[in-house]
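Please work through the exercises below with the sequence and the model side by side, and try each task before reading its solution.

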Amino acid sequence: WYGDTSYNYGYSGANRIALPWGGVLPELKNRVEAAITDICPTRFNSCLLNRYNNGNEGMAWHSDEGQGLVKDSAIASLSLGATRKFAFKHKESKEKREMWLEHGQLIVMHGETQKHWLHTILKSTRIQEPRINLTFRVMAG
């Protein structure tokens, strides 16, 4: 968990305090911001890194709203490593949409996405390689 200031972020029962930006993160942040300028110009002030060692690790259905995030702000998700299945589920209709996230792929959730949709990284025992996910966010305050 990295950010412009020591933002507090809680998820999965853990509470995190943002570390200062370092390494390649500022350059990646700049590239992500440039890549989405035409879709939803955003200046991200934080980044959450998740490492999945293999397909046995995933993320349960959830939405990224509240938790100190600016309401309806964009979240840009950069995948590195193993290809993994990512899915959306509409909160009311239960409609599902799935996609494979490949190495280097960037997806953007913006507007009311978090209000209406849950998302997940599905588990698969067939995947033995690690995946790193960087989610660039806009925290309030």
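Three exercises follow, each with a worked solution.

This is a predicted model, in which local features need pLDDT of at least 70 and side-chain atom pairs count only at pLDDT 80 or more, while totals for chains, interfaces and linings use all residues. Residues are numbered from 1 along each chain as its sequence is written, and side-chain values use heavy atoms, with hydrogens and water left out.

**Exercise 1. Overall fold**

Determine how many helices and strands the protein chain has, and in which order they run.

Solution. Helices (H or I, at least four residues) and strands (E, at least two) are taken as DSSP runs, numbered from the N terminus. On that basis the protein chain has two helices and twelve strands, and from the N terminus on the order is β-β-β-β-α-β-β-β-β-β-β-α-β-β. The radius of gyration, taken over C-alpha atoms, is to be set against a globule rule of 2.2 Å times the number of residues to the power 0.38. For the protein chain this radius is 15 Å, close to the 14 Å that the rule gives for 141 residues, so the chain is as compact as a globular protein of that length.

**Exercise 2. The open sheet**

Identify the strand order of the four-stranded open sheet and the strands that stand at its edges.

Solution. Two strands are said to pair if DSSP finds at least two bridges between them. The four strands are arranged as S6-S11-S8-S9, with antiparallel pairing. Strand S6 (59-62) and strand S9 (96-101) are at the edges, each with a single partner strand, so one side of each is left without a neighbour in the sheet. S6 pairs with strand S11 (residues 117-121) over two bridges in the antiparallel sense, and Met59 stands opposite Ile121 in S11.

**Exercise 3. Two salt bridges**

For the pairs Arg43 with Asp4 and Arg137 with Asp64, find where the partners lie and whether they are buried or exposed.

Solution. A salt bridge here is a side-chain nitrogen of Lys or Arg within 4 Å of a carboxyl oxygen of Asp or Glu; buried means under 20% relative accessible area, exposed over 50%, and partly exposed in between (1.4 Å probe, protein chains only).

- Arg43 and Asp4 meet at 2.9 Å, N to O. Arg43 lies in the loop between helix H1 (25-35) and strand S5 (46-52), and Asp4 in the loop between strand S1 (2-3) and strand S2 (8-11), so the pair ties together parts that are 39 residues apart in sequence. Arg43 is exposed at 52%, whereas Asp4 is partly exposed at 34%.
- Arg137 and Asp64 meet at 3.8 Å, N to O. Arg137 lies in strand S12 (residues 131-137) and Asp64 in the loop between S6 and strand S7 (75-81), so this pair ties together parts that are 73 residues apart in sequence. Arg137 is buried at 3%, and Asp64 is buried at 8%.
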